[in-house]
Amino acid sequence: MTTTHAGPAGPDEAALLAATTADAEIVTCDACPVLCRIRPGKTGACDRYGNVGGRLARMDPLTVLTRAPEAVRFAGDDWDGNTIAAKDVFVTAIGAGTTYPDYKPAPFIVGAEIDGVDMVTVVSEGIFSYCGLKLKIDTDRHLGAECAPVRANGEVIGHVTTAEYGSQMLSLGGVHHLTGGSKKEGVATCETLLALCNGAARDLTVDGGASVRVQAGAAPIVDGVPESRMRVGCGSATIGIFASQWLGHADEVIVVDDHITGVLTEHQAGKFLGMRPAGIRVRGRRSTPGRYFQVANPGVGWGGTDIVEPLTIVERIDPKIAWPGLRLLMVSTTGEHAAWFVLDGALRPQQEAMPAAIADAVARIGENCEPALCSVLFMAGAGGSLRAGATENPVLLTRAVQRGRARVTSGGAPVHVWPGGGITFMVDVSTMPANSFGSVPTPALVAPIEFSLPRSDYAALGGHMGRVRSVADVLAEARPRAVVLPDGVAFPITEPRG
Ligand code: SF4
């Protein structure tokens, strides 16, 4: 059965389907193991392939990247495709189709001269059962304990891993959730991964923890509250950054943080500034002078702790050291929480209105916080089927990737390839064109992947040289949609490294 490109989705596609004649034959799609039998004018279970006039067709248009919007227009009947300079167009695998069931060459193997180097790009959509997401959620608020299950639609689809500097990290998906559990779990996992990869928002809940709405490039919403700021640093770092700005305005500053709570006059920074010890001891485990672990439990209060009332972390005030009138600032690592106290005659902290200089110092903390965002990294392993689409001897492609001779991109976006065996890569979904991902009901995700390498290297690794085509030829046949990469993402560089 021949696979064709159906051209750009939209009214033309609808008309095309409507025009399918009743006597057109049922086609069997062999682009994944589901093997849908597709009736005339219908699409298969994933909506990616359809029966158009008795031919199996990829329903989404092939996507090409351009350096400028005007570099490529939709290929119309009056366009010969020859005016496009290869260096201005990169054929991505979005909408290209797959190599399944493995022995076929990739749908597009494109030859082009890039900056004087004769290059080949092997273009295909990969079906990834081994895939998942690494989610970085910029918040100090406690989302859940390490290893706590993360759910979508009630199904466990991942778990909490650890905290990074100002962020909570989740791992979602992976083969054990996609295929190793119940069908419901696999479907919920696949649906959530697909939505997040394509830029949609999803609600997640953490067992024993918070609920969080996540979306690539958007602020997380924790327990219904939008997060705005990523902390400036831990409590100790905050003291290191701002100590000199507090000098003369406060006698003690306690920066409340779930990781390290800082106490200015005990801290090395306070000592360097010659500050007088204040005698205020906080709870928790003293790590080094002025740095305390575990002053409270994790939570969604001050500095990612469960503290609502900051004085609860003050263990004692030493009457031999502290003095009446001592001025104490308590503040969180984002500056969202702050309170100003003055010790009375009995050395009890009394809350007072914050002086302007201190309010400015607190605002400065907030000013130095970056906007809180969710970052979604897709991670997958490119296995034998994909590589067979590039070469008859797949290990040679793996070695070319590992040696840096073959560059891997996903929808034209740069990827990070993990060291060690195989081709295990990660890509920031926000650097990819919109809606780059699909899925199949096995369940698995479909993601674009391209391998670019010098033509001579491609020949040497047993590439399908007879299938190499020019960019113009591909554009003329596939009638692609042209997309400009998101701001800040470099055009794919296809010269080899080294
Ligand atoms: S699920 Fe999609 S790719 Fe798989 S056989 Fe059906 S139409 Fe083809």
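**Note on the predicted model**

1. At 45% relative accessibility, Leu35 counts as partly exposed. This description rests on a predicted model. Leu35 is placed in the loop that runs between strand S2 (27-28) and strand S3 (37-38). Its phi is near 55°, a positive value in a residue other than glycine. In general, most residues other than glycine have a negative phi.

2. Leu35 also belongs to the surroundings of the ligand, together with Cys29, Ala31, Cys32, Val34, Cys36, Gly44, Ala45, Cys46, Arg48, Tyr49 and Pro441. By character, this shell consists of 10 nonpolar residues, one polar and one charged.

3. A second positive phi outside glycine is found at Gln294, with a value of about 55°. Gln294 sits in the loop between strand S22 (291-293) and strand S23 (314-317). With 53% relative accessibility, Gln294 counts as exposed, because the exposed class begins over 50%.

4. As to the overall build, the protein chain contains 10 helices and 35 strands. Of its 498 residues, 51% are buried. Among contacts with a separation of 6 or more, 67% join residues that are 24 or more positions apart.

5. The largest nonpolar core has 59 residues, and Leu135, Leu172, Leu204 and Phe378 touch the most other members. Helix H3 (residues 183-197) supplies the largest share of this core, namely six residues. A separate, second core of 21 residues includes Tyr292, Val295, Ala322 and Leu343. In soluble globular proteins, nonpolar side chains tend to be buried together.

6. Which residues does Leu204 touch, not counting residues up to four places away in sequence? They are Leu135, Val150, Arg151, Ala152, Ile157, Leu170, Leu172, Thr192, Ala210, Ser211, Val212 and Val214. Of these, Leu135 and Leu172 are also named with Leu204 among the core residues that touch the most other members.

7. Five aromatic pairs occur in the structure. In one of them, the ring centres of Phe128 and Phe378 are 6.0 Å apart and the planes stand at 70°, so the pair is edge-to-face. Phe128 belongs to strand S9 (residues 117-128) and Phe378 to strand S27 (residues 374-382), so the pair ties together parts 250 residues apart in sequence. Phe128 and Phe378 are both buried. They form one aromatic cluster with Phe425 and Phe437.

8. Another pair consists of Phe242 and Trp246, whose ring centres are 6.1 Å apart with planes at 35°, so this pair is tilted. Phe242 and Trp246 are four residues apart in helix H4 (residues 235-246), and thus separated by about one helical turn. Phe242 is buried, with a relative accessible area of 2%. Trp246 is likewise counted as buried, at 0% relative accessibility.

9. In helix H8 (residues 394-402), the buried residues are Leu397, Thr398, Ala400 and Val401. Because they cover an arc of only 160° around the axis, they lie on the same side of H8. Just after H8, Gly404 adopts a positive phi of about 80°.

10. Helix H10 (residues 471-478) has Val471, Ala472, Val474, Leu475 and Ala478 as its buried residues. Here too the arc around the axis is only 160°, which puts them on the same side of H10. Arg479, just after H10, has a positive phi of about 50°.

11. Is Tyr130 buried or exposed? Tyr130 is exposed, with a relative accessible area of 60%. Tyr130 is located in the loop between S9 and strand S10 (131-137). Leaving aside neighbours within four places in sequence, Tyr130 is in contact with Val175, Met379, Ala380 and Gly381. The C-alpha atoms of Tyr130 and Thr179 are separated by 9.2 Å, although these residues are 49 residues apart along the chain.

12. Finally, the backbone has a cis peptide bond from Thr442 to Pro443, with omega near -5°. Pro443 lies in the loop between strand S32 (438-440) and strand S33 (444-454). In general, most peptide bonds are trans.

How values were computed
Residues numbered from 1 in each chain as written. Heavy atoms only, no water. Near = heavy atom within 4 Å. Nonpolar A, V, L, I, M, F, W, Y, C, P; charged D, E, K, R; others polar. Buried < 20%, exposed > 50% of the residue type's maximum accessible area, 1.4 Å probe, protein only. Helix = DSSP H or I, 4+ residues; strand = E, 2+ residues; numbered from the N terminus. Arc of directions from axis to C-beta. Core = buried A, V, L, I, M, F, W, Y, C linked by side-chain atoms within 4.5 Å. Contact = heavy atoms within 4.5 Å. Phe/Tyr/Trp six-rings, centres within 6.5 Å; stacked < 30°, edge-to-face > 60°.
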